[in-house]
Amino acid sequence: MPDPIDHLTEFERAADDFAAALGRVDPGAAVPACPGWTVADLALHLGSGQRWAAAILLSGAAQKVPEVLRTTISWPDWYAGTTAALLAAIRAVDPDEPCWNFAPVDQRAGFWARRRLHETVIHLVDLIQAGVAAGEQVDTGLAVVPAAVAADGVDEVFEVFLPRLLARGFAPAVTRQIGVRATDTGHEWTLTPVSQGDRPLVERGKAAGEAVLSGTASDLDLCLWKRLPGTVLTVEGDAAVAADFLAGRATA
């Protein structure tokens, strides 16, 4: 497993960065990674997700995503308000308390601090990419996910999203054994397909298979979320196996 990180602290940091960057980018600017979305759509998606997660945490049960009206106040202020609500909910519920989530993993409240951290981190990259494309003055360093957070994000994809996609009927992304190596943190994973329809076996601590993908933890995380092209990674072994994995759907 990646070294434990404080998901709540990292989420609060990422959310603050998102709110600050949101104030520097035109709400009407296009988001390259999310075709058809503007920055306002991105803020609405992330902020309504904060409210949704807070409602789940406080009730312990599944909730509908709220139908949020487009706000007329500043987007940074509105987004910061939704984040404050979620932070209060996270702090109000013990992480080991039983609580619904959408994935075939332990149904505990602690799931949500981790999930909202990585949701925010990926969409912060989207926001920075939108700002760059629009010619805005944004901190491009925020488009690189901090190494420890990124390694945990890669692990979340393998632990949460690969089995979630299979449960929803999507074609498996792991059809051949493949290794993944974070060159800056030293974390390694081996993904092995099992019987059809079952989640792949994830072995931590080694990277082995017909192909091995290597890159910084940030690059790996962003490639899995289709925010960077797979060409930024190094491939050892069968290039076709690596290409098939990267072309597959690992997140949703």
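How many salt bridges does the structure hold? The structure, a predicted model, holds 16 salt bridges. Three of these pairs are described below, after a look at one of the helices.

Helix 3 covers residues 75-92, which makes 18 residues. At 1.5 Å a residue, the helix should span 26 Å, and its end C-alpha atoms are 26 Å apart, so the expected span and the model agree. The buried residues of helix 3 begin with Trp75, Trp78 and Tyr79, continue with Thr82, Thr83, Leu86 and Leu87, and end with Ala89 and Ile90. What do these buried residues pack against? Their partners are helix 1 (7-22), helix 2 (39-59) and helix 4 (110-133).

Helix 4 also takes part in salt bridges. Arg114 forms one with Asp152, and the closest N and O atoms of the pair are 3.1 Å apart. Arg114 lies in helix 4 and Asp152 in helix 5 (residues 147-167), so this salt bridge ties together parts that are 38 residues apart in sequence. Are the two partners buried or exposed? The cut-off for a buried residue is a relative accessible area under 20%. Arg114 has a relative accessible area of 11% and is therefore buried; Asp152, at 5%, is buried as well.

A second pair joins Arg115 to Glu156, with the closest N and O atoms 2.8 Å apart. This pair, too, links distant parts of the chain, since Arg115 is in helix 4 and Glu156 in helix 5, 41 residues apart. Arg115 has a relative accessible area of 3%, which means that this residue is buried. Glu156 has a relative accessibility of 1% and so counts as buried.

The third pair is Arg181 and Glu188, whose side chains meet in a salt bridge with an N to O distance of 2.8 Å. Here the partners are partly exposed: Arg181 has a relative accessible area of 23%, and Glu188 has one of 21%. Both residues get this label because a relative accessible area under 20% would be needed to count as buried, and one over 50% to count as exposed.

Some of the salt bridges share partners. Which residues do they join into one network? The network consists of Arg114, Asp152, Asp155, Glu159 and Arg204. The pair of Arg114 and Asp152, with its 3.1 Å between the closest N and O atoms, thus belongs to this network.

Terms used: Residues are numbered from 1 along each chain as its sequence is written. This is a predicted model: local features need pLDDT of at least 70, side-chain atom pairs count only at pLDDT 80 or more; totals for chains, interfaces and linings use all residues. Side-chain values use heavy atoms; hydrogens and water are left out. Helices (H or I, at least four residues) and strands (E, at least two) are DSSP runs, numbered from the N terminus. The expected span of a helix is 1.5 Å times one less than its number of residues. Buried means under 20% relative accessible area, exposed over 50%, partly exposed in between (1.4 Å probe, protein chains only). Contact means heavy atoms within 4.5 Å. A salt bridge is a side-chain nitrogen of Lys or Arg within 4 Å of a carboxyl oxygen of Asp or Glu.
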